[in-house]
Amino acid sequence: MVTPGRLEDQLCFALYAASRSVTSAYRDGLASLGITYPQFVTLLVLWETDNISIKELGQRLQLDSGTLSPLLKRLETLGLLTRHRASDDERRVHIQLTPSGHALKIPALDVQKHVATTLGLTVEETSVLRSLAQRIAGGDDVTTPAKAQ
């Protein structure tokens, strides 16, 4: 039974604490690669779609330009990406991985395997949790499971 007002019974706190736990599980492995969690998720998008516009990258990451710009600057300083203006429209800036940025993909994916082990979730539990989180976040490409009868 859920008791109104008890911290332990609040969905918001459970999601907050779970998010912190997952992010923390990534922290050590990513630190050994010299990147932070926000840098990692940025690289995930770039490994999927290299040479993407800053605008599209911000939309995918749900970050505004004030947050994204310093993040990209740091990744550029680390030699993992370059920024360049689109030849057909000087206002658009595109992001492209460097060879070093591409090379980081395999070790970073190994960090994901470590995180999965650390969290102790089965593949099925991870899939259900991700699907529910995407649904809560309003993800467009999420299939809504049938409602319980």
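Buried denotes under 20% relative accessible area, exposed over 50%, and partly exposed the range in between (1.4 Å probe, protein chains only). The model is predicted: local features need pLDDT of at least 70, side-chain atom pairs count only at pLDDT 80 or more, and totals for chains, interfaces and linings use all residues. Residues are numbered from 1 along each chain as its sequence is written, and side-chain values use heavy atoms, without hydrogens or water.

**View 1. Helix 6, residues 105-119.** Helices here are DSSP runs (H or I, at least four residues), numbered from the N terminus. Helix 6 has 15 residues and reaches 21 Å from first to last C-alpha, close to the 21 Å expected at 1.5 Å a residue; the expected span is 1.5 Å times one less than the number of residues. After helix 6 comes Gly-120, with a positive phi near 70°.

**View 2. The two faces of helix 6.** Ala-108, Val-111 and Val-115 are the buried residues of helix 6. They lie on the same side of helix 6 because they cover an arc of only 45° around the axis, taken from the directions from the helix axis to the C-beta atoms. These buried residues pack against helix 1 (11-33) and helix 2 (37-48), contact meaning heavy atoms within 4.5 Å. Exposed Ile-106, Lys-113 and Thr-117 sit on the face turned away from the buried side.

**View 3. Packing of helix 2 and helix 3 (residues 54-61).** Their axes are 10 Å apart, at an angle of about 120°. The contact is made by Val-41, Thr-42, Val-45 and Glu-48 of helix 2 and Leu-57, Arg-60 and Leu-61 of helix 3.

Notes: Axes are lines fitted to C-alpha atoms, for helices over the stretch in contact, and angles run from 0 to 180 degrees between N-to-C directions.
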